[in-house]
Amino acid sequence: MSEVSGTPSQSIREAALAIRRSHRLVVLTGAGISKESGIPTFRDALDGLWARYDPQQLATPSAFRRNPKLVWDWYHYRRGLLAQSQPNPGHYAIAELENLLPQVVVITQNIDGLHHKAGSHDVIPVHGDIQLNKCFADCQGDPTFIDITRLEWDPESGPPRCPHCGAYVRPAVVWFEEMLPHAALERAYELSATADVMLVVGTSGTVQPVASLPFLAYQSHAIVIEVNPEPTPITMVARWSLSGPSGVILPQVIAAIKAGLSDSGAADA
Ligand code: BJW
């Protein structure tokens, strides 16, 4: 049942109460949280020039080896989209949780930086950051970041070259078949195993290892709350599945938390 309506539904109020009581909240986000900022989700069909490509076929090291210019141009196009985007009410609602709860950590699969831009402080971007670039050979150690603003190259000929070793430069994101950054992933596991509530927003729950985190949290006795217009594999472990766009649902959750706080304040007085 959709939760999108004028007044918060019973399940939004119940989920808000669980969040309000949380001491260790983990928010796990995917591409859906940024959809209302105008950024297509990963599994949305591409449009325009990119309509004939499958993102799953582009976001791999083998695709980059095969056609570095194609993959580089795709990320250039996405950087352009992002330059015109702002955080939406869903991002701001998550940032506001920090003012209401003792501990909030955001684990995000998104590479767009919009949680930071909305004001969240503790964000773990487990799939990297589209604004950064690195050497494809990681010649100076993993990762070898490269500042491309200092390089001169002809974009018509493909990506720039690493000034240390001459390998291609690539976006510092995690592609299929690549390992996630070790420290970030370890922290994500640790937080998921010790959370008391995990709020899962806008992910299809299909890409490992991150897709396993809600199940780890659930097995470790956390309450799992999902916000997504569609059911996902995570729905089966969610105590509440709040169906609708996160930019609509999450502000309602925040309002319900605040209403609960003022009710309990009045009761305490
Ligand atoms: C809304 C909304 C609104 C819409 N509001 N919601 C076990 C079994 C089988 C395979 C594997 C396995 N373990 C590992 C693998 C391989 C692979 C994998 O998981 N494959 C699956 C496809 C099966 N995993 C990996 O390769 C990972 N590495 C790894 O495991 O290393 C070990 C290893 C080494 C060597 C060989 C094998 C393993 C790496 C994964 C890296 C993923 N990278 C990407 C690209 C990042 C850069 C880029 O963006 O270009 O990350 S792929 C892509 O998927 C991206 C996303 O972060 C990620 C997750 O997608 P997400 O965020 O869930 O988005 P969508 O589009 O799927 O869903 C959007 C959701 O939003 C939907 O549910 C909508 O309903 C919802 N929504 N509007 C709220 N308004």
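This is a short dialogue on reading a predicted model with a bound ligand.

Visitor: What should I know before I start?
Guide: The model is predicted: local features need pLDDT of at least 70, side-chain atom pairs count only at pLDDT 80 or more, and totals for chains, interfaces and linings use all residues. Residues are numbered from 1 along each chain as its sequence is written, and side-chain values use heavy atoms, with hydrogens and water left out.

Visitor: Which residues come nearest to the ligand?
Guide: A residue is near a molecule if one of its heavy atoms lies within 4 Å of it. Here 34 residues surround the ligand, and Arg43, Tyr75, Arg78, Thr203 and Ser204 come nearest.

Visitor: How does that shell divide by class?
Guide: Ala, Val, Leu, Ile, Met, Phe, Trp, Tyr, Cys and Pro count as nonpolar, Asp, Glu, Lys and Arg as charged, and the others, Gly among them, as polar. The shell has 14 nonpolar, 13 polar and seven charged residues.

Visitor: Why does the ligand lie between two domains?
Guide: Domain bounds come from an automatic or database domain assignment. Domain 1 (1-38 + 87-127 + 180-269) and domain 2 (40-84 + 128-173) both give residues to the shell, so the ligand lies between them.

Visitor: Where are polar atoms paired with the ligand?
Guide: A polar contact is a pair of N or O atoms within 3.5 Å; within protein, one must be able to donate a hydrogen and the other to accept it, and residues adjacent in sequence count only if both atoms are side-chain atoms. A side-chain N or O atom of arginine 43 is 2.6 Å from a ligand oxygen. The backbone serves too: an N or O atom of serine 246 lies 2.9 Å from a ligand nitrogen. For glycine 32, a polar backbone atom is 3.4 Å from a nitrogen of the ligand. Taken alone the ligand exposes 1,500 Å², and the protein buries 75% of that. Those areas come from the Shrake-Rupley method with a 1.4 Å probe; for residues, only the protein chains shown count as cover.

Visitor: Is strand β6 buried or exposed?
Guide: Buried means under 20% relative accessible area, exposed over 50%, partly exposed in between (1.4 Å probe, protein chains only). Helices (H or I, at least four residues) and strands (E, at least two) are DSSP runs, numbered from the N terminus. Five of the five residues of β6 (residues 197-201) are buried, so the strand is largely enclosed by the rest of the structure. In a regular strand the side chains alternate between the two faces of the sheet. In β6, Val197, Leu199 and Val201 are buried on one side, and Met198 and Val200 on the other.

Visitor: Which strands pair with β6?
Guide: Two strands pair if DSSP finds at least two bridges between them. Strand β1 (residues 25-29) runs parallel to β6 over five bridges. There, leucine 28 has valine 200 as its bridge partner. Strand β7 (residues 223-227) is also parallel to β6, again with five bridges. Valine 201 has valine 227 as its partner in β7.

Visitor: What backbone oddities should I look for?
Guide: Look for cis peptide bonds and positive phi. The bond from aspartate 142 to proline 143 is cis, with omega near 0°. Proline 143 sits in the loop between β4 and β5 (169-173). The bond from glutamine 208 to proline 209 is cis too, with omega near 0°. Glutamate 177 is not a glycine, yet has a positive phi of about 75°. Glutamate 177 counts as exposed, at 69% relative accessibility. Histidine 221 also has a positive phi, near 75°, and is exposed, with a relative accessible area of 74%.
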